[in-house]
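Visitor: I should like a close look at one buried position and at its setting in the fold. Please set out the conventions as you proceed.

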Amino acid sequence: MILASRLIKIIEKNSDVIADRWVDDGITLPYTRSYWNIPRDVLHERAESVCNRMGYYLGKRLPKERLAAFYRKMGKARKAEGHPVEDVIMALFLLKRHVWLFVLQEGFLATNLELYQALELNNRVVLYFDRAIYYVAQGYAEEDEIEASGEAAEQAKPVEESELT
């Protein structure tokens, strides 16, 4: 899997280019409307962070537990920022697409063997983003539970006599 390692390094090395392309889509497509007013540099930094974590994860340098914790935290943060979960999921879909398009467009694949190895890597990239999306959704759900329990506690709070008058 030498090619996969080479491609991972290429993705990490070019994460800024991939992030730029992603930001261009993220601030214009109707599927990510909640991202439109976020400064480009903030979005760029977020995309690079995801690409770099992907490199660590695919290179087996990042345990799945740390990946899960990162994306749950991301889900909670995006919910707190007011992003609909579908926008965040679409943003991750778009980033996955831009990673693969970068590999294909830059002509790193010359032989059938390299193409086959790249497809194997693509399967790993897809799994990475599938897990990211799952953990982001978990982060949203955890925040929903916290909000619901807070509302339930507020509703269960006894009414003071002074509040009745």
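Guide: The account below begins with the whole chain and then turns to Lys96.

This is a predicted model, in which local features need pLDDT of at least 70 and side-chain atom pairs count only at pLDDT 80 or more, while totals for chains, interfaces and linings use all residues. Residues are numbered from 1 along each chain as its sequence is written, and side-chain values use heavy atoms, with hydrogens and water left out.

The protein has 7 helices and 0 strands, helices being DSSP runs of H or I with at least four residues and strands E runs of at least two, numbered from the N terminus. Of its 165 residues, 39% are buried, that is, under 20% relative accessible area with a 1.4 Å probe, protein chains only.

The largest nonpolar core has 43 residues, and Trp22, Tyr71 and Tyr128 have the most contacts inside it. Such a core is a set of buried Ala, Val, Leu, Ile, Met, Phe, Trp, Tyr and Cys residues joined through side-chain atoms within 4.5 Å. Among the elements that give two or more residues to this core are α5 (85-105) and α6 (112-156).

Lys96 lies in helix α5. Although buried, Lys96 has no salt bridge, defined as a side-chain nitrogen of Lys or Arg within 4 Å of a carboxyl oxygen of Asp or Glu. Asp130, its nearest side chain of opposite charge, is 4.2 Å away; Lys and Arg count as positive and Asp and Glu as negative, with His and the chain ends not counted. Leaving out residues up to four places away in sequence, Lys96 is in contact with Val125, Val126, Phe129 and Asp130, contact meaning heavy atoms within 4.5 Å.

Technical notes:
Buried means under 20% relative accessible area, exposed over 50%, partly exposed in between (1.4 Å probe, protein chains only).
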